[in-house]
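Trainee: Please take a close look at one part of this model, and then relate that part to the rest of the chain.

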Amino acid sequence: MNYRHAYHAGNHTEVFKHPVLVTLLEHLRRKPKPFTVIDTHAGIGLYDLASVEAGKTGEAADGIARIIDADIPAASGYLDIFRDLNPDGLKVYPGSPALVRALLRDDDRLIACELHPEDVKLLRRTFRGDPRVAVHARDGYEAIGAFVPPPTRRGLVFIDPPYEARDEFERLADALNAGIAKWPTGIFAAWYPVKDRAGIDTLRRRYAPDNPPTLTCEFLRTPLDGETLAGGGLLICNPPYGLGAKLDALCQSLRKVLAPNTGAFALDWWIRER
(Lines give C-alpha, C1' and ligand atoms only; values in the text may rest on other atoms or scores of the structure.)
Protein backbone atom coordinates (compact mmCIF):
# COMPACT_ATOMS: atom_id res chain seq x y z
CA MET A 1 0.00 0.00 0.00
CA ASN A 2 0.97 3.67 -0.23
CA TYR A 3 0.32 5.64 2.93
CA ARG A 4 1.63 9.13 2.13
CA HIS A 5 0.36 11.28 4.96
CA ALA A 6 -1.07 14.07 2.79
CA TYR A 7 -3.74 11.76 1.40
CA HIS A 8 -4.78 10.37 4.77
CA ALA A 9 -4.41 13.30 7.20
CA GLY A 10 -6.94 13.01 9.98
CA ASN A 11 -8.37 9.64 8.99
CA HIS A 12 -9.46 6.91 11.41
CA THR A 13 -5.95 5.49 11.78
CA GLU A 14 -4.47 8.93 12.50
CA VAL A 15 -6.91 9.68 15.31
CA PHE A 16 -5.84 6.43 16.94
CA LYS A 17 -2.05 6.60 16.62
CA HIS A 18 -1.63 10.33 17.28
CA PRO A 19 -3.39 10.40 20.67
CA VAL A 20 -1.09 7.53 21.67
CA LEU A 21 1.93 9.55 20.53
CA VAL A 22 0.75 12.49 22.65
CA THR A 23 0.26 10.18 25.64
CA LEU A 24 3.87 8.98 25.32
CA LEU A 25 5.10 12.57 25.12
CA GLU A 26 3.09 13.52 28.18
CA HIS A 27 4.80 10.66 30.03
CA LEU A 28 8.23 11.97 29.03
CA ARG A 29 7.30 15.48 30.20
CA ARG A 30 6.59 14.28 33.73
CA LYS A 31 10.30 14.34 34.55
CA PRO A 32 12.37 17.53 34.28
CA LYS A 33 15.26 15.89 32.42
CA PRO A 34 15.21 16.71 28.67
CA PHE A 35 14.12 14.18 26.08
CA THR A 36 14.65 13.66 22.35
CA VAL A 37 12.10 12.46 19.80
CA ILE A 38 13.26 10.90 16.54
CA ASP A 39 10.45 10.98 13.96
CA THR A 40 11.68 8.69 11.20
CA HIS A 41 9.05 9.37 8.51
CA ALA A 42 7.92 12.86 9.41
CA GLY A 43 6.02 13.97 6.30
CA ILE A 44 5.44 17.72 5.98
CA GLY A 45 4.31 18.46 9.53
CA LEU A 46 1.06 20.32 8.88
CA TYR A 47 -1.65 19.30 6.42
CA ASP A 48 -4.22 21.50 4.72
CA LEU A 49 -7.50 19.62 4.92
CA ALA A 50 -8.74 21.59 1.91
CA SER A 51 -5.78 20.47 -0.23
CA VAL A 52 -6.11 18.47 -3.44
CA GLU A 53 -4.55 15.45 -1.74
CA ALA A 54 -6.90 15.48 1.24
CA GLY A 55 -9.84 16.14 -1.07
CA LYS A 56 -9.11 13.07 -3.18
CA THR A 57 -9.79 10.76 -0.27
CA GLY A 58 -11.99 12.82 2.04
CA GLU A 59 -10.86 10.55 4.87
CA ALA A 60 -10.84 13.24 7.54
CA ALA A 61 -14.64 13.17 7.47
CA ASP A 62 -14.61 9.71 9.04
CA GLY A 63 -11.78 10.53 11.42
CA ILE A 64 -10.98 13.86 13.04
CA ALA A 65 -14.30 15.42 11.96
CA ARG A 66 -16.13 12.72 13.93
CA ILE A 67 -14.18 13.14 17.17
CA ILE A 68 -13.29 16.84 17.30
CA ASP A 69 -16.29 17.66 19.50
CA ALA A 70 -16.45 14.32 21.30
CA ASP A 71 -15.71 13.80 24.98
CA ILE A 72 -12.69 11.50 24.91
CA PRO A 73 -10.62 11.96 28.09
CA ALA A 74 -7.94 9.55 26.88
CA ALA A 75 -7.35 11.81 23.86
CA SER A 76 -7.73 15.17 25.63
CA GLY A 77 -4.11 16.29 25.14
CA TYR A 78 -4.21 15.47 21.45
CA LEU A 79 -7.57 17.18 20.93
CA ASP A 80 -6.37 20.28 22.80
CA ILE A 81 -3.45 20.65 20.37
CA PHE A 82 -5.74 20.16 17.40
CA ARG A 83 -8.30 22.68 18.66
CA ASP A 84 -5.59 25.26 19.37
CA LEU A 85 -4.47 24.99 15.75
CA ASN A 86 -8.04 25.21 14.47
CA PRO A 87 -9.91 27.91 16.40
CA ASP A 88 -12.18 28.58 13.41
CA GLY A 89 -13.09 25.04 12.36
CA LEU A 90 -11.40 22.10 10.61
CA LYS A 91 -8.66 23.52 8.41
CA VAL A 92 -5.26 22.10 9.34
CA TYR A 93 -4.26 18.68 10.62
CA PRO A 94 -1.05 18.42 12.68
CA GLY A 95 1.10 15.47 11.71
CA SER A 96 3.42 13.76 14.14
CA PRO A 97 6.25 16.37 14.08
CA ALA A 98 3.76 19.19 14.73
CA LEU A 99 2.28 17.28 17.65
CA VAL A 100 5.76 16.67 19.04
CA ARG A 101 6.75 20.32 18.70
CA ALA A 102 3.63 21.38 20.57
CA LEU A 103 4.86 19.45 23.61
CA LEU A 104 8.59 20.22 23.49
CA ARG A 105 10.10 22.20 26.33
CA ASP A 106 13.08 24.52 25.89
CA ASP A 107 15.68 21.76 26.34
CA ASP A 108 13.83 18.99 24.51
CA ARG A 109 14.69 18.12 20.93
CA LEU A 110 12.99 16.77 17.81
CA ILE A 111 14.92 15.08 15.00
CA ALA A 112 12.54 14.90 12.04
CA CYS A 113 13.57 12.76 9.06
CA GLU A 114 11.93 12.74 5.64
CA LEU A 115 13.26 11.32 2.37
CA HIS A 116 10.70 12.63 -0.15
CA PRO A 117 12.38 15.71 -1.70
CA GLU A 118 9.29 17.92 -1.92
CA ASP A 119 8.04 16.93 1.52
CA VAL A 120 11.36 17.68 3.20
CA LYS A 121 11.31 21.20 1.72
CA LEU A 122 7.88 21.81 3.24
CA LEU A 123 8.98 20.26 6.52
CA ARG A 124 11.97 22.60 6.73
CA ARG A 125 9.75 25.58 5.96
CA THR A 126 7.33 24.61 8.72
CA PHE A 127 10.05 24.33 11.38
CA ARG A 128 12.36 27.09 10.20
CA GLY A 129 13.67 29.16 13.09
CA ASP A 130 12.91 26.62 15.83
CA PRO A 131 16.24 25.66 17.45
CA ARG A 132 14.65 22.63 19.12
CA VAL A 133 13.93 20.98 15.75
CA ALA A 134 16.43 19.49 13.31
CA VAL A 135 15.16 18.34 9.91
CA HIS A 136 17.15 15.73 7.99
CA ALA A 137 16.67 14.56 4.41
CA ARG A 138 17.53 10.92 4.98
CA ASP A 139 16.10 7.43 5.13
CA GLY A 140 14.19 7.01 8.37
CA TYR A 141 15.36 3.48 9.07
CA GLU A 142 18.99 4.48 8.56
CA ALA A 143 18.42 7.45 10.85
CA ILE A 144 17.55 5.16 13.75
CA GLY A 145 21.03 3.69 13.69
CA ALA A 146 22.58 7.12 13.28
CA PHE A 147 20.76 8.95 16.08
CA VAL A 148 20.25 6.45 18.90
CA PRO A 149 20.97 6.76 21.67
CA PRO A 150 20.54 10.56 21.71
CA PRO A 151 22.63 12.71 24.07
CA THR A 152 19.63 13.17 26.38
CA ARG A 153 19.42 9.38 26.92
CA ARG A 154 15.65 9.83 27.35
CA GLY A 155 13.15 9.86 24.56
CA LEU A 156 11.15 8.22 21.85
CA VAL A 157 11.61 6.86 18.34
CA PHE A 158 8.36 7.23 16.37
CA ILE A 159 8.23 5.15 13.18
CA ASP A 160 5.38 5.77 10.75
CA PRO A 161 6.44 4.64 7.24
CA PRO A 162 4.30 4.75 4.06
CA TYR A 163 4.43 0.96 3.52
CA GLU A 164 5.25 1.30 -0.17
CA ALA A 165 7.93 -1.41 -0.22
CA ARG A 166 7.04 -5.09 -0.40
CA ASP A 167 9.54 -5.84 2.35
CA GLU A 168 8.41 -2.99 4.63
CA PHE A 169 7.56 -5.22 7.57
CA GLU A 170 10.94 -6.94 7.33
CA ARG A 171 12.73 -3.58 7.19
CA LEU A 172 10.71 -2.34 10.14
CA ALA A 173 11.55 -5.39 12.25
CA ASP A 174 15.25 -5.15 11.43
CA ALA A 175 15.35 -1.42 12.19
CA LEU A 176 13.55 -1.94 15.49
CA ASN A 177 15.87 -4.77 16.53
CA ALA A 178 19.00 -2.77 15.67
CA GLY A 179 17.76 0.42 17.29
CA ILE A 180 16.61 -1.29 20.47
CA ALA A 181 19.97 -3.08 20.73
CA LYS A 182 21.73 0.30 20.68
CA TRP A 183 19.21 2.02 22.98
CA PRO A 184 17.52 -0.63 25.16
CA THR A 185 15.98 1.96 27.51
CA GLY A 186 14.39 4.11 24.81
CA ILE A 187 10.71 4.04 23.90
CA PHE A 188 10.05 2.82 20.35
CA ALA A 189 6.60 3.24 18.82
CA ALA A 190 5.97 1.85 15.33
CA TRP A 191 2.70 2.19 13.43
CA TYR A 192 1.53 -0.44 10.95
CA PRO A 193 -1.55 -0.73 8.72
CA VAL A 194 -4.03 -3.56 9.23
CA LYS A 195 -5.48 -4.91 5.99
CA ASP A 196 -4.65 -8.56 6.65
CA ARG A 197 -2.42 -10.47 9.07
CA ALA A 198 0.41 -11.46 6.72
CA GLY A 199 2.73 -8.50 7.23
CA ILE A 200 2.00 -8.30 10.95
CA ASP A 201 2.81 -11.98 11.36
CA THR A 202 6.10 -11.39 9.55
CA LEU A 203 6.91 -8.53 11.89
CA ARG A 204 6.19 -10.65 14.94
CA ARG A 205 8.30 -13.59 13.76
CA ARG A 206 11.23 -11.30 12.95
CA TYR A 207 11.00 -9.18 16.10
CA ALA A 208 13.79 -10.20 18.49
CA PRO A 209 12.42 -12.24 21.41
CA ASP A 210 14.97 -10.77 23.80
CA ASN A 211 13.84 -7.18 23.20
CA PRO A 212 12.46 -5.26 26.21
CA PRO A 213 8.75 -5.46 27.13
CA THR A 214 6.64 -4.79 24.05
CA LEU A 215 2.92 -4.06 23.83
CA THR A 216 0.86 -3.88 20.65
CA CYS A 217 -2.54 -2.27 20.25
CA GLU A 218 -4.74 -2.45 17.17
CA PHE A 219 -7.87 -0.43 16.46
CA LEU A 220 -10.08 -1.52 13.56
CA ARG A 221 -12.99 0.48 12.23
CA THR A 222 -14.17 -2.32 9.96
CA PRO A 223 -13.60 -6.11 9.79
CA LEU A 224 -10.62 -7.41 7.83
CA ASP A 225 -11.27 -8.17 4.16
CA GLY A 226 -7.71 -8.21 2.83
CA GLU A 227 -8.29 -5.19 0.59
CA THR A 228 -9.37 -2.10 2.50
CA LEU A 229 -7.53 -0.40 5.33
CA ALA A 230 -9.51 -1.73 8.26
CA GLY A 231 -7.40 0.06 10.85
CA GLY A 232 -3.94 0.33 12.29
CA GLY A 233 -1.74 -0.93 15.04
CA LEU A 234 1.05 0.36 17.21
CA LEU A 235 3.98 -1.64 18.49
CA ILE A 236 5.38 0.02 21.62
CA CYS A 237 8.66 -1.14 23.11
CA ASN A 238 9.27 -0.05 26.71
CA PRO A 239 5.69 1.16 27.23
CA PRO A 240 5.28 3.42 30.27
CA TYR A 241 3.59 1.94 33.31
CA GLY A 242 -0.19 2.06 32.97
CA LEU A 243 -0.19 2.61 29.20
CA GLY A 244 -2.29 -0.50 28.59
CA ALA A 245 -5.19 0.91 30.62
CA LYS A 246 -4.97 4.22 28.76
CA LEU A 247 -5.00 2.45 25.39
CA ASP A 248 -8.03 0.43 26.44
CA ALA A 249 -9.88 3.61 27.43
CA LEU A 250 -8.91 5.36 24.18
CA CYS A 251 -10.05 2.49 22.00
CA GLN A 252 -13.31 2.10 23.90
CA SER A 253 -14.11 5.75 23.25
CA LEU A 254 -13.02 5.69 19.60
CA ARG A 255 -15.15 2.63 18.91
CA LYS A 256 -18.24 4.36 20.31
CA VAL A 257 -17.68 7.45 18.16
CA LEU A 258 -16.19 6.03 14.95
CA ALA A 259 -17.63 2.54 14.60
CA PRO A 260 -20.15 1.48 17.24
CA ASN A 261 -21.36 -1.49 15.19
CA THR A 262 -18.22 -2.68 13.39
CA GLY A 263 -15.28 -1.42 15.45
CA ALA A 264 -12.90 -3.67 17.37
CA PHE A 265 -9.60 -3.40 19.20
CA ALA A 266 -7.07 -5.66 20.85
CA LEU A 267 -4.07 -5.29 23.14
CA ASP A 268 -1.37 -7.94 23.06
CA TRP A 269 1.87 -8.21 25.02
CA TRP A 270 4.38 -9.60 22.54
CA ILE A 271 7.02 -9.52 25.26
CA ARG A 272 6.05 -9.21 28.91
CA GLU A 273 8.09 -7.80 31.79
CA ARG A 274 10.63 -10.38 32.84
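Mentor: Helices (H or I, at least four residues) and strands (E, at least two) are DSSP runs, numbered from the N terminus. On that basis A266 lies in strand β10, which covers residues 264-271. The model is predicted, so local features need pLDDT of at least 70, side-chain atom pairs count only at pLDDT 80 or more, and totals for chains, interfaces and linings use all residues. Residues are numbered from 1 along each chain as its sequence is written, and side-chain values use heavy atoms, with hydrogens and water left out.

A266 has a relative accessibility of 42% and therefore counts as partly exposed (buried is under 20% relative accessible area, exposed over 50%, partly exposed in between, with a 1.4 Å probe and protein chains only). Leaving aside residues up to four places away in sequence, A266 touches T216, C217 and E218 (contact means heavy atoms within 4.5 Å). Between the C-alpha atoms of A266 and G233, which are 33 residues apart along the chain, the separation is 9.2 Å.

G233 falls within β9 (231-237), and the loop between β9 and α11 holds N238. Phi of N238 is near 60 degrees, a positive value in a residue other than glycine. With a relative accessible area of 18%, N238 is buried. A second residue of this kind is R153, where phi is near 65 degrees, again positive in a residue other than glycine. R153 belongs to the loop between α8 and β6, and its relative accessible area of 53% makes it exposed. That loop, between α8 (140-147) and β6 (155-159), also contains P149, and the peptide bond from V148 to P149 is cis, with omega near -5 degrees.

Beyond that first loop, helix α11 (residues 243-258) packs on α2: their axes come within 11 Å and cross at roughly 150 degrees (angles run from 0 to 180 degrees between N-to-C directions). This makes α2 roughly antiparallel to α11 (over 145 degrees; under 35 is roughly parallel, 65 to 115 roughly perpendicular, the rest oblique). From α2 the contact draws on V15, F16, P19, V20, T23 and L24, and from α11 on L243, K246, L247, L250, C251, L254 and L258. These residues divide into eleven nonpolar, one polar and one charged.

Helix α8 offers another pairing, with helix α9 (residues 168-182): the axes come within 9 Å and cross at roughly 5 degrees. The two helices are therefore roughly parallel. Here Y141, I144 and G145 of α8 meet E168, R171, L172, A175, G179 and K182 of α9. This contact comprises four nonpolar, two polar and three charged residues.

The largest nonpolar core has 87 residues, and F16, I64, I67, Y78, L156, L176 and L203 have the most contacts inside it. Its largest share, eight residues, comes from helix α2 (residues 14-29). Leaving out residues up to four places away in sequence, I67 touches V15, I72, Y78, L79, R83, L254, V257 and L258. V15, L254 and L258 also take part in the contact of α2 with α11.

Elsewhere, helix α6 (residues 96-103) is mostly covered, with six of its eight residues buried. The buried residues of α6 are S96, P97, A98, L99, V100 and L103.

Terms used. A nonpolar core is a set of buried Ala, Val, Leu, Ile, Met, Phe, Trp, Tyr and Cys residues joined through side-chain atoms within 4.5 Å. Ala, Val, Leu, Ile, Met, Phe, Trp, Tyr, Cys and Pro count as nonpolar, Asp, Glu, Lys and Arg as charged, and the others, Gly among them, as polar.
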